[in-house]
Amino acid sequence: MATKKAKKAGSNVIALNKKARFEYHIEETFEAGLALAGWEVKSMRAGKAQLTDTYILIKEAEAWLLGSHIMPLNTASTHVIADPTRTRKLLLHRKEIARIFSRTQDKGHTCVPLKLYWKKNLIKCELALVTGKKLHDKRATEKARDWDRQKARIMRENK
């Protein structure tokens with residue numbers, strides 16, 4: 001018997017940035033809130049958000065989410081002009097913003113969003129400080145993933 005909380009746990013992810021885990025080594029993660037318009041929240045409830053080719057910009061002691069795409073619904077308000085790729089403000093503590101800014105000034109470091117998810121009734125964004133993977137690292141990741149799949153297949157067949 002699963003509880004209500006266990007049932008809802010899988011449905012709280014809105015959008016994932018799968019490419020980020022393949023392209024980068026994740027060093028540190030942060031949780032940030034998002035300043036959104038009403039139509040954006042409605043679209044996210046419907047699952048119409050994408051994080052591909054999205055990145056974080058720190059400008060004037062504020063964090064911004066650039067390149068995210070939230071598709072407006074047809075039923076969205078008609079008196080508001082919906083811009084699906086607008087720059088959205090991330091809500092972080094001043095110390096977290098300073099840490100991200102100082103780390104992104106180092107060569108090879110950047111900050112990317114990993115996922116958008118629901119936390120109670122709020123939309124949160126998981127950010128990560130990352131460094132880029134080399135080609136041989138990507139091959140090793142792919143090889144390990146293939147081997148894990150093969151092991152699982154062998155274990156199923158031998159039961």
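Is Glu62 buried, partly exposed or exposed, and what is its relative accessibility? In this model, which I should say at once is a predicted one, Glu62 has a relative accessibility of 27% and therefore counts as partly exposed. I will come back to its partner shortly, but let me first lay out the chain as a whole.

The chain has five helices and nine strands, and if we walk along it from the N terminus, the elements follow the order α-β-α-β-α-β-β-β-β-β-α-β-β-α. Along the principal axes, the C-alpha atoms fill a box of roughly 60 × 45 × 25 Å. Of the 159 residues, 30% count as buried, and among the contacts with a separation of 6 or more, 70% are made by residues 24 or more positions apart.

Now to the interior. The largest nonpolar core has 25 residues, and those that touch the most other members are Leu34, Met44, Leu90, Leu92, Ile100, Leu116 and Leu127. Several elements supply at least two residues each to this core, including strand β1 (13-16), helix α3 (38-45), strand β4 (55-59) and helix α4 (94-104). The largest share, four residues, comes from β9, a strand that covers residues 122-132. As a general remark, in soluble globular proteins nonpolar side chains tend to be buried together.

Leu127 is a useful residue to select on the screen. Leaving aside residues up to four places away in sequence, Leu127 touches Glu28, Thr29, Phe30, Ala32, Ile56, Leu90, Leu92, Ile100, Cys111, Val112 and Pro113. There is also a second, separate core of five residues, among them Ala20, Val112, Leu114 and Ala128.

For those of us who think about reducing agents, how many disulfides does the model have? The count is zero. Cys111 is in no disulfide, and the nearest cysteine sulfur, that of Cys125, is 8.4 Å away; since a disulfide would require the two sulfur atoms to be within 2.5 Å, this pair does not qualify. Both residues are nevertheless inside: Cys111 counts as buried because its relative accessibility is 1%, and Cys125 is likewise buried, with a relative accessible area of 0%.

Let me turn to the charged residues, where the structure holds 12 salt bridges. In one of them, the side chains of Lys119 and Glu31 meet at 3.1 Å, N to O. Lys119 lies in strand β8 (residues 109-119) and Glu31 in strand β2 (residues 24-34), so this pair ties together parts of the chain that are 88 residues apart in sequence. Lys119, at 41% relative accessibility, counts as partly exposed, and Glu31, at 34%, is also partly exposed.

That brings us back to Glu62, which forms a salt bridge with Lys89, the closest N and O atoms being 3.0 Å apart. Here too the pair links distant parts of the chain, with Lys89 in strand β7 (residues 88-91) and Glu62 in strand β5 (residues 62-66), 27 residues apart. Lys89 has a relative accessibility of 29% and so counts as partly exposed, as does Glu62 at 27%.

A local example is the salt bridge in which the side chains of Arg149 and Asp146 meet at 3.1 Å, N to O. Why are these two residues separated by about one helical turn? It is because Arg149 and Asp146 are three residues apart in helix α5 (residues 135-157). Arg149 is partly exposed at 46% relative accessibility, and Asp146 is partly exposed at 38%.

Some of the salt bridges share partners, and in this way Glu27, Glu28, Arg99 and Arg103 are joined into one network. Arg103 is found in helix α4, and with a relative accessible area of 19% Arg103 counts as buried, because the cut-off for that class is under 20%. Not counting residues up to four places away in sequence, Arg103 touches Glu27, Glu28, His109 and Leu129, so that both glutamates of the network appear among these contacts.

To finish, a word on the aromatic residues. How many aromatic pairs are there? The count comes to zero. There is, however, a charge over a ring to look at, in that Lys115 lies over the face of Tyr117, at 5.2 Å from the ring centre.

Conventions
Residues numbered from 1 in each chain as written. Predicted model: local features only at pLDDT ≥ 70, side-chain atom pairs only at ≥ 80, totals over all residues. Heavy atoms only, no water. Buried < 20%, exposed > 50% of the residue type's maximum accessible area, 1.4 Å probe, protein only. Salt bridge = Lys/Arg side-chain N within 4 Å of Asp/Glu carboxyl O. Phe/Tyr/Trp six-rings, centres within 6.5 Å; stacked < 30°, edge-to-face > 60°. Lys NZ or Arg CZ within 6 Å of the ring centre and 35° of its normal. Core = buried A, V, L, I, M, F, W, Y, C linked by side-chain atoms within 4.5 Å. Contact = heavy atoms within 4.5 Å.
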